[in-house]
Amino acid sequence: MLKTLLRRSVKHDRRAIAQLMSIAENDARARIKILSALYERTGNAYVIGITGPPGAGKSTLISALAKRYREEGFSIGIVAVDPTSQVTGGALLGDRIRMADLASDPKVFIRSMATRGQVGGIARATEDVVRILDATSTDYIMVETVGAGQSDIDIKSLAHTTLVVTAPGLGDEIQALKAGIMEIGDIFVVNKADKENTDKSVQEIYSMIMMSEPINGWRPHVLKTNALSGEGITALAQAIKQHEEHTRKSDQMKKAQTERLRREVLDAAKRYFEDIALQELASTEAFAKHVTMIEGRKEDPYTAARLLMKQWKKSRG
Ligand SMILES: Nc1nc2c(ncn2[C@@H]2O[C@H](COP(=O)(O)OP(=O)(O)OP(=O)(O)O)[C@@H](O)[C@H]2O)c(=O)[nH]1
Ligand SMILES: [Mg+2]
């Protein structure tokens, strides 16, 4: 069954892609099969992270950008991570309605990471979803997260370009930015430009940026948009393109990629241990014997672990 799904998914069959994602979320072994089968096809998609305080207009902005990219013929993946989904299920429904015309487009794939309880947590599940989309001919992947520190996702390491979205009148939006997301923005967007004080917010962000050194030769852009009317979206798409060209040119992208791959191998090894090797170990007779000995105070858990690992290493040659 996996084989059929994989075959269908690489032709961008949206149902097959969604099924693969669900399987990977729920079954650790199948997940490894899926990801390793797809790996050679990854590395082509460009990932844009969109973060910022609740209600800033991230989803609306994503819809506007997605429409723009579709006009240029690109295929799109949209991943909405909602850490508070169990409380605000309605918010996602709102997103869905807003994105309804996009959702009927076969070249647009939308996934809400709403449910908790994925094997390995939401951060890993999101990474997997991005990877699966990358492997299945998606040109631009947009990942929406609520910043900062409110989600478990490290958007900066997942995305090639990170947009930090805010809006005037959200209260202390600049405070919110200071609290950790100021550092991660490649492009800052003051959305809801139709509201008062937009220019003031732009100015404040701009002066903060001017106080810090450019990172890897890039000084973040600050733009204002009206995601509802589409005003400023062209400039935003251009800024993203500029940052894409900048990152592709600099060896930073290559370095970051090597570092990411190193981390991935270590991570995969760790996950293999946790999900598979340890489960196998826990179901052996030897394991049960050690537990019995520990119960009888004839052995301690630490010695047991060391002996089990030694035995396990030997059995693997
Ligand atoms: N006036 C105005 N309203 C906007 C604009 N962009 C979005 N909105 C509205 O702001 C509200 C929140 O927009 P969303 O796109 O759901 O915001 P979000 O940042 O995705 O919100 P969460 O996902 O809940 O964090 C909605 O009612 C939008 O219609 C804009 O440019 N101007
Ligand atoms: Mg949203």
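# Exercises on a predicted model

Helix 7 is mostly covered, with 11 of its 15 residues buried. Keep in mind as you work that this is a predicted model.

## Exercise 1: Helix 7

Find out which residues of helix 7 are buried, and check whether the span of the helix agrees or disagrees with 1.5 Å a residue.

**Solution.**
- Step 1. Begin with the buried residues of helix 7: they are Ile122, Arg124, Ala125, Thr126, Asp128, Val129, Val130, Ile132, Leu133, Asp134 and Ala135.
- Step 2. Now turn to the span. Helix 7 covers residues 121–135, and at 1.5 Å a residue its 15 residues should span 21 Å. The expected span is 1.5 Å times one less than the number of residues.
- Step 3. Compare this with the model: the end C-alpha atoms of helix 7 are 21 Å apart, so the two values agree.
- Step 4. Look just past the helix, where Ser137 has a positive phi of about 60 degrees.

## Exercise 2: Phe109 and its surroundings

Work out whether Phe109 is buried or exposed, and list the residues that Phe109 touches.

**Solution.**
- Step 1. Locate the residue: Phe109 sits in strand 3, which is made of residues 108–113.
- Step 2. Apply the cut-off. Buried means under 20% relative accessible area. Phe109 has 4% relative accessibility, so Phe109 counts as buried.
- Step 3. List the contacts. Leaving out residues up to four places away in sequence, Phe109 touches Arg14, Ile17, Ala18, Met21, Ile76, Gly77, Ile78 and Leu133. One of these, Leu133, is also among the buried residues of helix 7.
- Step 4. Take Arg14 as an example: Arg14 and Phe109 are 95 residues apart along the chain, yet their C-alpha atoms are separated by 6.7 Å.
- Step 5. Step back to the whole chain. Among contacts with a separation of 6 or more, 75% join residues 24 or more positions apart.

## Exercise 3: The magnesium ion

Identify which residues coordinate the magnesium ion (ligand 2), and say which parts of the chain this pair ties together.

**Solution.**
- Step 1. Name the donors: Ser59 (OG) and Glu144 (OE) coordinate the magnesium ion at 2.1 Å.
- Step 2. Place them in the fold. Ser59 belongs to helix 4 (residues 58–71) and Glu144 to strand 4 (residues 140–146), so the pair ties together parts that are 85 residues apart in sequence.
- Step 3. Check their exposure: Ser59 and Glu144 are both buried.

## Exercise 4: The second largest pocket

Describe the second largest pocket: what is its volume, and which helix gives the largest share of its lining?

**Solution.**
- Step 1. The volume of the second largest pocket is about 670 Å³.
- Step 2. Its lining has 28 residues, and Lys156, Asp186, Ile215, Asn216 and His243 are the closest to its centre.
- Step 3. Helix 8, helix 10, helix 11 and helix 12 each supply at least two lining residues. The largest share, six residues, comes from helix 12.
- Step 4. Sorted by class, the lining has 10 nonpolar, 10 polar and eight charged residues.

## Exercise 5: Two positive phi angles

Decide whether Lys192 is buried, partly exposed or exposed, and do likewise for Arg297.

**Solution.**
- Step 1. Lys192 is not a glycine, yet has a positive phi of about 65 degrees. Lys192 is in the loop between strand 6 and helix 10.
- Step 2. Arg297 has a phi near 60 degrees and lies in the loop between helix 13 and helix 14.
- Step 3. Over 50% relative accessible area means exposed, and between 20% and 50% means partly exposed. With 25%, Lys192 is therefore partly exposed, while Arg297, with 70%, is exposed.

Key. Residues are numbered from 1 along each chain as its sequence is written. Chains are lettered from A and ligands numbered from 1 in the order in which they are written. This is a predicted model: local features need pLDDT of at least 70, side-chain atom pairs count only at pLDDT 80 or more; totals for chains, interfaces and linings use all residues. Side-chain values use heavy atoms; hydrogens and water are left out. Helices (H or I, at least four residues) and strands (E, at least two) are DSSP runs, numbered from the N terminus. Buried means under 20% relative accessible area, exposed over 50%, partly exposed in between (1.4 Å probe, protein chains only). On a 1 Å grid over the protein atoms alone, a cavity is a set of points where a 1.4 Å probe fits but cannot get out, and a pocket is an open set with protein on both sides within 12 Å along at least five of seven lines; lining residues have an atom within 4 Å of a point. Grid points are joined across faces, edges and corners, and a volume is the space filled by probe spheres set on the points. Ala, Val, Leu, Ile, Met, Phe, Trp, Tyr, Cys and Pro count as nonpolar, Asp, Glu, Lys and Arg as charged, and the others, Gly among them, as polar. Donors are N, O and S atoms within 2.8 Å of the metal (3.2 Å for Na, K and Ca); water is not among the atoms, so sites may look incomplete. Contact means heavy atoms within 4.5 Å.
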